[in-house]
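Please open the model in a viewer and keep the selection panel at hand. The tour proceeds from the ligand to the sheet.

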Amino acid sequence: MSAQSVDQLKSIFRGELIQPGDTAYESARRVYNGMINKCPRLIARCADVADVRAAVRFGADNEMLTAIRGGGHNGAGLGICDDGLVIDLSHMKGIRVNPSDKTVRVEAGCVWTDVDHATHAFGLATPSGVISTTGVAGLTLGGGIGHLARRYGLTIDNLLSVDVVLADGSFVTASSRENTDLFWALRGGGGNFGVVTSFKFRLHPISTVQFGPTFWSLEEAATVLRGYRDFIKKAPEHVSGFFAFLTVPPAPMFPAHLHFKKVCGIIWCCTGTPEQTEQATRPMRSVGHALLDHIGPVPFPAVQSSFDGLYVPGLQWYWRADNFTELSDEAIARHVEHGSKLPTMHSTMHLYPVNGAPQRVGRSDTAYSFREALFAEVIVGVDPDPANNEKITGWCKSYWEALHPFSAGGAYVNFMMEEGQERVQATYRENYDRLVAIKRRYDPNNFFRVNQNIQPDAVAKRSARSGSPGDGPPVS
Ligand SMILES: Cc1cc2nc3c(=O)[nH]c(=O)nc-3n(C[C@H](O)[C@H](O)[C@H](O)COP(=O)(O)OP(=O)(O)OC[C@H]3O[C@@H](n4cnc5c(N)ncnc54)[C@H](O)[C@@H]3O)c2cc1C
């Protein structure tokens with residue numbers, strides 16, 4: 001990357017070009033996970049699609065390792081890279097709600113609070129995650145699991161079209177009618193195929209939901225988990241609530257005697273009426289002796305930002321994940337053993353229920369394949385102090401190892417660290433070969449490789465090892 005080539009880029013670039021030594025560099029290279037400390041050579045903070053196209057061409061011409069940054073929330077830090085180019089979309093924040101056909105068009109630098117704010121004004125929402133500062137782009141391209149999943153599906157199940165800048169700098173739209181193979185791959189395949197510059201989502205009539213926690217003591221954790229497993233399988237789809245091991249934070253909404261107490265709990269977010277919610281959740285809330293139990297009406301954007309104050313940017317963060325189709329009593333015993341040993345106040349384990357609407361999509365209908373899963377599990381070691389990194393990482397790994405034998409074999413890509421190709425393939429399963437074929441067509445040189453990577457020559461490599469012909473299935 002010569003000074004001259006940067007000057008040339010500058011002459012056509014409307015956004016900011018940030019290099020080491022610039023005032024903005026230190027803050028621009030920071031991502032959500034404080035454990036990630038990478039130093040790119042150039043951060044191209046794009047103002048518009050023209051800038052994105054120029055940045056992609058610049059990265060390709062200069063043969064630079066290139067990362068794409070949406071919200072910068074990726075646990076593994078895949079929105080940034082060392083010694084390369086970062087295509088930073090964080091200033092592309094346009095949003096247009098169309099209330100008449102209940103859709104929203106969102107630019108790729110938005111985080112979920114931007115979307116919730118815009119759509120809530122019309123009494124509408126689309127499924128996303130559970131923290132409002134997460135990027136729309138990365139979350140969507142991996143799948144998107146959150147409070148509304150049981151009723152309305154994953155975020156990708158509500159994705160109608162995307163605009164994409166491909167590895168050669170060309171611009172295409174992908175939807176169920178145009179570039180259908182690309183659209184299939186982008187629904188779960190992450191940042192492997194191009195820079196998505198905007199997303200169009202379907203909206204649902206969600207305004208105020210029934211939200212709140214039920215907490216139990218750890219002594220009751222096995223009983224609660226068994227009850228939860230059986231309850232959620234049959235619960236109506238307007239009921240959602242994820243199970244957690246957590247430490248009650250010292251926040252004013254919790255009684256002082258529970259502050260810093262390790263508990264297990266369910267965080268409810270239900271979209272029925274208060275009466276429907278009370279009736280449907282009461283059997284679960286009546287299990288054992290709850291320490292705290294409160295569900296009440298809360299505007300959806302407030303639900304989405306309810307954890308933001310606890311999980312602020314810059315904490316040290318290490319996580320591991322798996323999908324589960326069942327939760328045996330033996331698996332529950334291991335959860336109780338490890339979940340009771342939360343190493344720090346911020347560390348937690350969540351079991352997100354993904355039965356219901358996500359299961360009505362076939363496992364080969366989108367790149368995201370675990371449609372039969374009952375739970376997406378994520379074990380999260382978090383702390384503000386880097387001195388505790390070994391403690392949170394060690395706890396997380398040993399918890400994961402204890403539960404992995406009971407899992408369905410793969411995880412949700414957005415809850416993974418950099419765990420190697422075997423884990424990526426285990427996650428996409430039979431969809432992997434089709435992803436490779438699409439990767440070969442859209443990004444044969446693997447320009448977009450700072451991600452949970454689909455390697456364009458992966459099928460050939462595997463075949464060479466096994467001695468069978470190397471071509472994957474045809475690209476449809
Ligand atoms: C506190 C926290 C809470 C979370 N909660 C949830 C949750 O409830 N549900 C859930 O599903 N996930 C959740 N996640 C995981 C989240 O979905 C991933 O971390 C996701 O990668 C974040 O997207 P981002 O745009 O912020 O990430 P970034 O770090 O900016 O990017 C992550 C990846 O996405 C790719 N990418 C980003 N933008 C683009 C683009 N425009 N075009 C193409 N590729 C792009 C990049 O290549 C990179 O590999 C959470 C993460 C955190 C840290």
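For the counts that follow, Ala, Val, Leu, Ile, Met, Phe, Trp, Tyr, Cys and Pro are classed as nonpolar, Asp, Glu, Lys and Arg as charged, and the remaining residues, Gly among them, as polar. The model on display is a predicted one.

**The ligand and its shell**

Select the ligand and display its surroundings, which comprise 35 residues. Which residues are the closest? They are Gly71, Gly79, Gly135, Gly138 and Gly191. Colouring the shell by residue class should give 16 nonpolar, 18 polar and 1 charged.

Next, highlight β3 (66-69), α5 (136-142) and β9 (195-202), the elements that each give two or more residues to this shell. Of the shell around the ligand, α5 supplies the largest share, 5 residues.

**The sheet**

Keep β9 selected and extend the selection to the open sheet, in which 5 strands are ordered β5-β6-β9-β7-β8 with antiparallel pairing. At the edges, β5 (95-98) and β8 (171-175) each pair on one side only. Viewed from strand to strand, the twist averages 15°.

**The edge at β5**

Now select β5 together with β6 (residues 103-107). How many bridges join these strands? There are 4, and the two strands run antiparallel. Within this pair, display the side chains of valine 97 and valine 104 in β6, which stand opposite each other.

Finally, add helix α4 (residues 112-120), which packs on the sheet and touches both β5 and β6. The direction of α4 makes about 35° with that of β5.

Notes. Residues numbered from 1 in each chain as written. Predicted model: local features only at pLDDT ≥ 70, side-chain atom pairs only at ≥ 80, totals over all residues. Pairing = 2+ DSSP bridges. Axes fitted to C-alpha atoms, helices over the stretch in contact; angles between N-to-C directions. Contact = placed C-beta atoms within 7 Å. Near = placed C-beta within 6 Å.
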